[in-house]
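Open the structure in your viewer and keep the selection tool at hand. The stops below say what to select next and what is there.

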Amino acid sequence: MDFFEYSTIAFQFVDTDKWFVPFIVGGLCFAIVYIFQSVGLFVIAGNEGYKNRWMAFVPFLNTYYLGVCAQKNRAFKSVDTRYLSLAAAILEALLVAGYIVLYVAQFKLLDAGCIYEVQSENSYGYIITEYVLRGVPMNLLWAAWCFECLNLYILTWVDLIFLALQVFVLSAFFQTFAARRYFLFTITSVLFPIQGILIFILRNNRGMNYREFMRREQERQYRVYQQYYRQNQGSDPYGQNGYQGGNYGDPYSGENSSYGGNSGSSDPFSDLGNSGGNKGGNDDPFDI
């Protein structure tokens, strides 16, 4: 699948009259990344003691072999990663076959002069280019169906399912060999066709169970906390109680108050009662 991604990118920078150039560029980029991935998987399988390492160099089988190398972790608790990688390998083979048929159909229609470019302007002023079929002969009806339906209704949905499986498989793989950065490596491999380079970088890492790794990390952090606690004799992390040595009583109480100095009354409004000539000794300051 990476071959078609590289070719699609190359098509954006190459004149459409030279249609073969993007495929050559895409093929070279794919070959380089594929070699990196194959060597990386081969070395990883040797370090882990897995058999059938030759699968790392065989197209589609190397997708399955990702799950073999990642079997210490599971995308789901009850589903072996090897089953997911096997399903991904089958879908990848179907997608490659489907895209080959689609490209052949498009070239057949182009040679027959059946594909026309139609440009229109949308409400925002952008030019939209569409390709429509006209005058398709009977012997190319199959190509017309591929052009209009194969990609839109079949390959697109199969590609989405393959992408989901790829996320699960790569997540389990990078959890095994790059536990600390598995999420970053997984997202990068899905968004960009460079997973082979990342696998080559991790070729000397030893596999581990991610849940066991997280348990050890929690234990390590707990030991660090205990050591810190003992060194500080269980005191506040700032070295002392932040409220010691100061007068932080109730600011509205009559005792130990630093906000007004009222010492003989618990009522903060006592000064307002019966002190301004209130008649009859009434404590209400507003009763005159």
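Start by selecting glutamine 37, which is buried, with a relative accessible area of 7%. Buried means under 20% relative accessible area, exposed means over 50%, and partly exposed is in between (1.4 Å probe, protein chains only). This is a predicted model, in which local features need pLDDT of at least 70 and side-chain atom pairs count only at pLDDT 80 or more, while totals for chains, interfaces and linings use all residues. Residues are numbered from 1 along each chain as its sequence is written, and side-chain values use heavy atoms, with hydrogens and water left out.

Glutamine 37 sits in helix H2, residues 20–48. Helices here are DSSP runs (H or I, at least four residues), numbered from the N terminus. Which residues does glutamine 37 contact, leaving aside neighbours within four places in sequence? Select Asn62, Leu66, Gln195, Gly196 and Ile199 to see them. Contact means heavy atoms within 4.5 Å.

**Salt bridges**

Stay with helix H2 and select glutamate 48, then add lysine 72, which lies in the loop between helix H3 (61–69) and H4. Their side chains meet in a salt bridge, 2.9 Å from N to O. A salt bridge is a side-chain nitrogen of Lys or Arg within 4 Å of a carboxyl oxygen of Asp or Glu. The two residues are 24 residues apart, and the pair links distant parts of the chain. Buried or partly exposed: which word fits glutamate 48? Glutamate 48 has a relative accessible area of 15%, so it counts as buried. Lysine 72, at 35%, is partly exposed. Now add Arg206: Glu48, Lys72 and Arg206 are linked in a network of salt bridges.

How many salt bridges does the structure hold? There are five. For two more stops, go to helix H8, residues 210–231, and select glutamate 212 and arginine 215. The closest N and O atoms of this salt bridge are 2.2 Å apart. The two residues are three residues apart, about one turn of the helix. Arginine 215 also meets glutamate 219 in a salt bridge, at 2.4 Å from N to O. Here the separation is four residues, again about one turn of the helix. Glutamate 212 is partly exposed at 31%, arginine 215 at 37% and glutamate 219 at 34%.

**Helix H4**

Select residues 81–111, which make up helix H4. From its first C-alpha to its last, this helix of 31 residues reaches 45 Å, close to the 45 Å expected at 1.5 Å a residue. The expected span is 1.5 Å times one less than the number of residues. Just after H4, glycine 113 takes a positive phi of about 70°.

**Helix H5 and the surface**

Next, select isoleucine 154 in helix H5. Its relative accessible area is 36%, which makes it partly exposed. The C-alpha atoms of isoleucine 154 and glycine 98 are separated by 8.9 Å, although the residues are 56 apart along the chain.

Last, select leucine 163, also found in helix H5 (residues 141–177). Leucine 163 is partly exposed, at 33%. Add Phe76, Trp157, Leu160, Val167 and Phe168: with Leu163 they form a nonpolar patch on the surface, with about 530 Å² of accessible area together. Accessible areas come from the Shrake-Rupley method with a 1.4 Å probe, and for residues only the protein chains shown count as cover. Patches are made of residues with over 30% relative accessible area and no salt bridge; like charges are joined within 9 Å, nonpolar side chains (Val, Leu, Ile, Met, Phe, Trp, Tyr) within 5 Å.
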